[in-house]
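Me: I've got a structure open and I'd like to poke around its empty spaces and its helices. Can we go through it together?

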Amino acid sequence: MASSNDCDPLPADVLPVGVKVLVAGGFGVGKTTFVNALSEIEPLSTEEMLTAVSAATDRLDGVENKATTTVALDFGRITLSPSHVLYLFGTPGQERFWFMWDELSEGALGAVVLADTRRLEHSFAAVDFFERRGIPFVVAVNEFDGAHRYRGEEVRTALDLRQEVPVVLCDARVQKSGTRVLLDLVQHLITTRSSHGSDTDQPTVRA
């Protein structure tokens, strides 16, 4: 009897299993950059130029030099194996587009909440959104050039996060750094699932 594993190619008529992860956070925290750095395909981006009209609506404090904004979503793809594909969906950060978050979160396995310590209050809405819906998430602190460096525990305290929520430091521009964030999220998902009695073992994810 022939055996198969996750590395074997799938038959041509079988589609790989998709895994959906959201990348959320406030306006200008680096969500589009994060998706772009990780995606193996040309990412779908809905960046549009900021206008004088939108400036009257959107909060630009702390990102006054930002010229574009995501008006729908970012989308990227990472092939994990011949039978599994990870889809990254970046949410729009501006408050007037939050109505899209519910639909984007349908079927999501977990989420990355990107945070900018210079404007940490802009992360509260994303943290609250995933906590209320019971969607596991990690907080990834995007360490912008020139910004003060805080320890993960300091950020946890400032965001009033539960102890089990991982807080990781990253550079959204760097693929290796983003991969580390996703591995931490996967490990958190495994741990969360195991703690709910779905598994008897707790496998460890390694980079």
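Me: Which residues line the largest cavity?

Reply: Sure, and keep in mind that this is a predicted model. The count comes to one cavity of 30 Å³ or more, and the largest cavity has a volume of about 40 Å³. Its lining divides into four nonpolar, three polar and two charged residues. By name, the lining is Thr117, Val141, Asn142, Glu143, Phe144, Ala147, His148, Arg149 and Tyr150.

Me: OK, now the largest pocket. Which element gives the largest share of its lining?

Reply: That pocket has a volume of about 640 Å³, and 22 residues line it, with Val19, Leu80, Leu86, Leu182 and Val186 nearest its centre. Strand 1 (17-25), strand 4 (74-81) and helix 6 (175-195) are the elements that give two or more residues each. The largest share is ten residues, and it comes from helix 6.

Me: And how does the lining of the largest pocket divide into nonpolar, polar and charged residues?

Reply: Leu and Val count as nonpolar, and the residues nearest the centre are Val19, Leu80, Leu86, Leu182 and Val186. For the whole lining, the split is 15 nonpolar, three polar and four charged.

Me: Are helix 1 and helix 6 roughly parallel or roughly perpendicular to each other?

Reply: The axes of helix 1 (residues 31-38) and helix 6 come within 9 Å. Phe34, Ala37 and Leu38 in helix 1 meet Gln175, Gly178, Thr179, Val181 and Leu182 in helix 6; by class, that contact has five nonpolar, three polar and no charged residues. The axes cross at roughly 100°, and angles of 65 to 115 degrees count as roughly perpendicular. So the two helices are roughly perpendicular.

Technical notes
Residues are numbered from 1 along each chain as its sequence is written. This is a predicted model: local features need pLDDT of at least 70, side-chain atom pairs count only at pLDDT 80 or more; totals for chains, interfaces and linings use all residues. Side-chain values use heavy atoms; hydrogens and water are left out. On a 1 Å grid over the protein atoms alone, a cavity is a set of points where a 1.4 Å probe fits but cannot get out, and a pocket is an open set with protein on both sides within 12 Å along at least five of seven lines; lining residues have an atom within 4 Å of a point. Grid points are joined across faces, edges and corners, and a volume is the space filled by probe spheres set on the points. Helices (H or I, at least four residues) and strands (E, at least two) are DSSP runs, numbered from the N terminus. Axes are lines fitted to C-alpha atoms, for helices over the stretch in contact, and angles run from 0 to 180 degrees between N-to-C directions. Angles under 35 degrees count as roughly parallel, over 145 as roughly antiparallel, 65 to 115 as roughly perpendicular and the rest as oblique. Contact means heavy atoms within 4.5 Å.
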